[in-house]
Amino acid sequence: TTPGPETQSPLVRQSTLSPLNQNAQSRSNQFQAAKANPVSATTIGFGKPLPEATPQLSSQESQGSSMPAYVDLENCTVNFIDDIMLPAKESGVIKSLTVKEGDFVPAGTVVGQIDDELYQRLLEQAKLQYEMATEAANDSTAIEAAEKKYRVAAIEAKKISDLADKFSKSESDRLMAVDTKEIASLERKTAVNEKQKAELEKRLQAARYMEVETHIQGHVLKSDFDAYVIKILKKPQEYVRQGDEVMRIARMNRLWVQGTVDIAKLNPDEVLGRPVTVTVDRARGEQTTFDGRITNVGLERQGLTRYMVKAEVENRPVGNHWVLQPLSTVEMRIHLDRPAVKEHYV
């Protein structure tokens, strides 16, 4: 028989119990480690395995999109937004031009004058006719006289009619008094009609006066917005017809920067309204940047795989010259990681 533990020697007892003590101690250490780190419990069998931590994806990544933070467009071109040929609104000889190429023209500034001598004479005539028509329209003398004449005739007709009822007047007297009253009534209506015609004539002469004034204003050349004179096309003493282009003017403080985007990389709706940074190279390696926003996406493809985008960019002057020049080539970075603003775009 195998001696019991109590009869075994201390050395044998220690050697027999040592593996058990070691296993118990090992599991105790594992349990304490599991309490300190619950995730590690999956490796030692304490409860069900816990789910592994998953990285937090951005909305674009979670939808499977690989949109970059920005896209760079090279060889973009700068163009005018407001660029017009200032026309002659009236035919005639150019009397004067008050600007030269390169001049800044504030909105409403007169830049030239077409000879309007004939219309100035017509304006004087129209003014006199309008004044005469106004005086006639304001004259109520004829109506007042006709009204009084009618009242007298009405009183006389009633008086004679009463006397005729008493046989103091004949029936012929009664008829003559009645006819006289009716004639006075018609004269009153005529006076009223003449007054109305005079008021219409006044309105007609006012319209003619304004028409001549409009023609005179058409002989004045001016810009409706802040602009620079790009090119003078006509000279003083030169005859122009209505619609002929006299000069080219354009705005310089706000310009288009346009480039093309690969349709396989970005959809048009992902680009519209995004902020941009435009970089222009200057002399001696200097670079200048401008901020803007994509405000226009072309409706037609540029080739088979690209579409046009335009950004409105605020230009800046250095000295007497603007940094961004139309028809120059620049680089444009579209920031896709910044919010788009599309509220005022169609």
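In the predicted model, the buried residues of helix 3 are Leu 123, Ala 126, Ala 133, Thr 134 and Ala 137. Viewed along the axis of helix 3, these buried residues fall within an arc of 100°, so they line one face of the helix. The residues Arg 121, Leu 128, Met 132 and Glu 135, by contrast, are exposed and lie on the other side of helix 3. The packing partner of the buried residues is helix 5, which covers residues 171-218. The length of helix 3 was also examined: with 22 residues (117-138) and 1.5 Å a residue, a span of 32 Å should result, and the end C-alpha atoms are indeed 32 Å apart, so the expected and computed values agree.

Turning to the strands, an open sheet is formed by 4 strands in the order 2-9-7-4, with antiparallel pairing. Strand 2 (83-87) and strand 4 (104-105) occupy the edges of this sheet, and because each has a single partner strand, one side of each is left without a neighbour in the sheet. For strand 4, pairing with strand 7 (residues 227-232) is antiparallel and extends over 2 bridges. Within this pairing, Phe 104 has Tyr 228 of strand 7 as its bridge partner.

Aromatic contacts were considered next, and the structure holds 3 aromatic pairs. The ring centres of Phe 104 and Tyr 228 are 5.1 Å apart and the ring planes stand at 55°, so this pair is classed as tilted. The pair links distant parts of the chain, since Phe 104 belongs to strand 4 and Tyr 228 to strand 7, with their positions 124 residues apart. Phe 104 and Tyr 228 are therefore joined both as bridge partners and through their rings. With a relative accessibility of 43%, Phe 104 counts as partly exposed, and Tyr 228, whose relative accessible area is 22%, is likewise partly exposed. Tyr 228 also forms an aromatic pair with Trp 322, which is edge-to-face, with 6.1 Å from centre to centre and 90° between the planes. This second pair again links distant parts of the chain, Tyr 228 lying in strand 7 and Trp 322 in strand 15 (residues 321-322), 94 residues apart. Trp 322 has a relative accessible area of 16% and is buried, as the cut-off for a buried residue is under 20%. Taken together, Phe 104, Tyr 228 and Trp 322 form one aromatic cluster.

Aromatic rings are also met by charged side chains in this model. The charged end of Arg 188 is placed over the ring of Tyr 150, at 4.1 Å from the centre of that ring. In a further case, Lys 310 lies over the face of Trp 256, where the distance to the ring centre is 5.2 Å.

Strand 1 (residues 70-80) has pairings of its own. Strand 1 runs antiparallel to strand 16 (residues 329-335), to which it is joined by 6 bridges, and Val 71 stands opposite Ile 334 of strand 16. An antiparallel pairing also joins strand 1 to strand 10 (residues 254-262), here through 4 bridges, and Thr 77 is found opposite Gln 258 of strand 10.

Notes. Residues are numbered from 1 along each chain as its sequence is written. This is a predicted model: local features need pLDDT of at least 70, side-chain atom pairs count only at pLDDT 80 or more; totals for chains, interfaces and linings use all residues. Side-chain values use heavy atoms; hydrogens and water are left out. The expected span of a helix is 1.5 Å times one less than its number of residues. Buried means under 20% relative accessible area, exposed over 50%, partly exposed in between (1.4 Å probe, protein chains only). The arc is that of the directions from the helix axis to the C-beta atoms. Contact means heavy atoms within 4.5 Å. Two strands pair if DSSP finds at least two bridges between them. Rings of Phe, Tyr and Trp (its six-membered ring) pair if their centres lie within 6.5 Å; planes under 30 degrees apart count as stacked, over 60 as edge-to-face and the rest as tilted. A charge sits over a ring if NZ of Lys or CZ of Arg is within 6 Å of the ring centre and within 35 degrees of the ring normal.
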